[in-house]
Amino acid sequence: MIKAVKGTRDILPPQSGVWNRVEATAREVFRTFNYHEIRTPIFEETALFARGVGEETDIVSKEMYTFDDRDGSKLTLRPENTASVIRAYIEHRLDQIPGTKRLYYLGPMFRRERPQKGRYRQFFQIGAEAIGLESPVLDAEIIELVSTLLGSCGIHDSRLLINSVGDPDSRGRYVAKLKEELASHIDELSADSQRRAVTNPLRVLDSKDPQDQPIVEKLPSIHDFLNDSCRDHFAAVCRYLTDRGIAYEVNPRLVRGLDYYTHTTFEFLHGALGAQNAICGGGRYNGLAESLGSKVPAPGIGFSIGQDRLLMAVEEAKPAGFDPKPLDLFIAPMTEDAFQLGAREAKRLRQSGFSVEVAPAGKFKKLLELASKSGARFALLIGDDEIANGRFGLKNLATGEQQAVAAFDLAAHLLA
Ligand code: HAM
């Protein structure tokens with residue numbers, strides 16, 4: 001038997017109903033912050049991610065689904081969407097339209113990671129990018145947006161970690177210092193970190209290898225290397241967050257696993273998720289557009305929420321209104337004529353917004369059994385007698401109560 005590929009899965013009803021509800025909630029929150037949807041392709045030229053995310057990152061060096069197209073070009077299933085959004089921004093000259101561009105997206109991403117709880121090879125992100133402004137005002141807006149979105153999904157107990165990874169000047173000095181420190185411990189590091197200590201020392205900071213931890217803990221903090229403008233930017237972000245009542249913890253080790261970040265980086269962690277506890281990651285990326293070949297700068301900041309993980313948290317929090325809506329009415333016709341009448345009633349009720357299923361004509365007992373299994377609120381029993389006297393048997397499936405109801409009265413009873 002052919003099964004779903006390792007690290008991928010099917011989202012089935014009723015769970016898919018909760019996914020839809022989360023997506024509708026996200027779209028509504030984006031609307032209130034004036035963010036508009038962008039849909040980018042799910043595959044791109046490999047070079048976009050190699051240059052955007054960084055050759056030395058885990059994502060690019062180990063996790064991408066890359067293939068040769070028939071014309072010899074190298075393509076990759078998107079492992080994330082920020083590089084694609086910036087590509088689209090440059091390609092469509094969105095910089096020419098005045099004002100900050102506020103874009104959001106929902107969709108699948110692909111990374112060949114080791115699957116475990118909350119980690120998949122095809123996973124889903126809900127994300128946004130705000131492009132065209134260097135001001136820390138935008139950093140605070142993006143973080144407030146995530147906090148609002150999580151709150152609207154009933155998640156109130158996440159922790160926000162923030163940091164600054166500085167600008168190229170500050171980071172250059174920090175990286176030089178890191179190289180020096182790491183060189184003096186090179187033999188004690190894991191094989192991956194030994195290589196990165198030379199090629200991309202910042203990556204050593206987010207090594208998960210226990211062998212690296214004693215050394216990582218003693219490395220200097222980037223905050224001692226930030227220049228005045230980086231310090232001011234970070235202080236302003238913290239001030240704006242405090243002003244809005246958003247609690248945060250500063251974590252100087254939060255460099256994140258993608259190379260494009262400058263200044264602010266942040267993550268939201270959630271307790272219900274186990275080892276994969278990051279429900280959202282984001283940050284500022286002032287030089288990304290230029291690294292993708294743009295002549296015009298496109299400073300911006302964004303985030304991506306891991307939708308699979310958000311759903312785990314929502315299922316635990318069980319917020320009101322997120323349960324899939326039950327079927328309003330199951331129509332149980334006992335004859336062919338009753339079926340015809342039932343189908344006409346169903347059409348009328350659906351036009352008024354009720355959800356209705358009509359069973360094929362069948363025996364009373366069997367139909368009642370189907371009705372109770374359908375999870376419907378009400379069953380409508382129609383036989384020849386009901387057709388003759390114009391009143392149907394409307395059974396409340398939760399209480400078992402049944403009453404005779406005229407067709408024109410059905411909608412009112414369903415609303416009750
Ligand atoms: P990221 O930290 O790589 O950042 O991913 C963001 C979130 O996606 C993670 O916090 C996690 O919830 C989820 N995620 C990542 N990998 C997996 C996986 N294998 N299975 C399930 N969930 C996963 C980015 O992708 C950046 N594009 C965020 C960003 C936007 N930065 C600026 N703008």
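In the predicted model, Asp328 is buried, its relative accessible area being 13%, and this residue forms a salt bridge with Arg377 in which the closest N and O atoms are 2.7 Å apart. Asp328 is placed in the loop between α12 (307–317) and β12 (329–333), whereas Arg377 is placed in the loop between α14 (364–373) and β14 (378–382), so the pair ties together parts that are 49 residues apart in sequence. Unlike buried Asp328, Arg377 is partly exposed, with a relative accessible area of 25%. Elsewhere, salt bridges that share partners join Glu56, Asp58, Lys62, Asp192, Arg195 and Arg196 into one network.

The count of salt bridges in the model comes to 27. In general terms, side chains of opposite charge can pair when their charged atoms come close. One of these pairs is formed by the side chains of Lys177 and Glu180, with an N to O distance of 3.8 Å, which falls within the 4 Å cut-off applied to such pairs. Both residues belong to helix α6 (residues 168–183), and because they are 3 residues apart there, about one helical turn separates them. An α-helix has 3.6 residues a turn, so residues three or four places apart point the same way. The two partners fall into separate accessibility classes, for Lys177 is partly exposed at 27% relative accessibility, while Glu180 is exposed at 53%. A further salt bridge links the side chains of Asp68 and Lys74, with 2.7 Å from N to O; in that pair Lys74 is partly exposed, having a relative accessible area of 46%.

Charged residues also contribute to a surface feature, in that Glu336, Asp337, Asp384 and Asp385 form a negative patch. Two helices, α13 (336–351) and α15 (384–389), each supply at least two residues of this negative patch. Asp337, which lies in helix α13, has a relative accessible area of 54% and is therefore classed as exposed, the threshold for that class being over 50%.

Helix α4 (residues 82–91) presents a contrasting environment, since this helix is mostly covered, with 8 of its 10 residues buried. The buried residues are Thr82, Ala83, Ser84, Val85, Ile86, Arg87, Ala88 and Tyr89. The elements that cover the buried residues of α4 include the strands β2 (43–45), β5 (101–110) and β6, together with the helices α2 (46–53) and α11 (288–291). Just after α4, the backbone at Arg93 takes a positive phi of about 50 degrees.

Tyr89, one of the buried residues of α4, is also touched by Gly132, which in addition touches Pro299 when residues up to four places away in sequence are not counted. Gly132 is found in the loop between β6 (122–131) and α5 (136–152), and the strand that precedes this loop, β6, is among the elements covering the buried residues of α4. With a relative accessibility of 38%, Gly132 itself counts as partly exposed. The C-alpha atoms of Gly132 and Asn163, which are 31 residues apart along the chain, are separated by 21 Å.

Conventions: Residues numbered from 1 in each chain as written. Predicted model: local features only at pLDDT ≥ 70, side-chain atom pairs only at ≥ 80, totals over all residues. Heavy atoms only, no water. Helix = DSSP H or I, 4+ residues; strand = E, 2+ residues; numbered from the N terminus. Buried < 20%, exposed > 50% of the residue type's maximum accessible area, 1.4 Å probe, protein only. Contact = heavy atoms within 4.5 Å. Patch = residues over 30% accessible without salt bridge, like charges linked within 9 Å, V, L, I, M, F, W, Y side chains within 5 Å. Areas by Shrake-Rupley, 256 points an atom, 1.4 Å probe, with all protein chains shown as cover. Lys, Arg positive; Asp, Glu negative; His and termini not counted. Charge placed at Lys NZ, Arg CZ, Asp CG, Glu CD.
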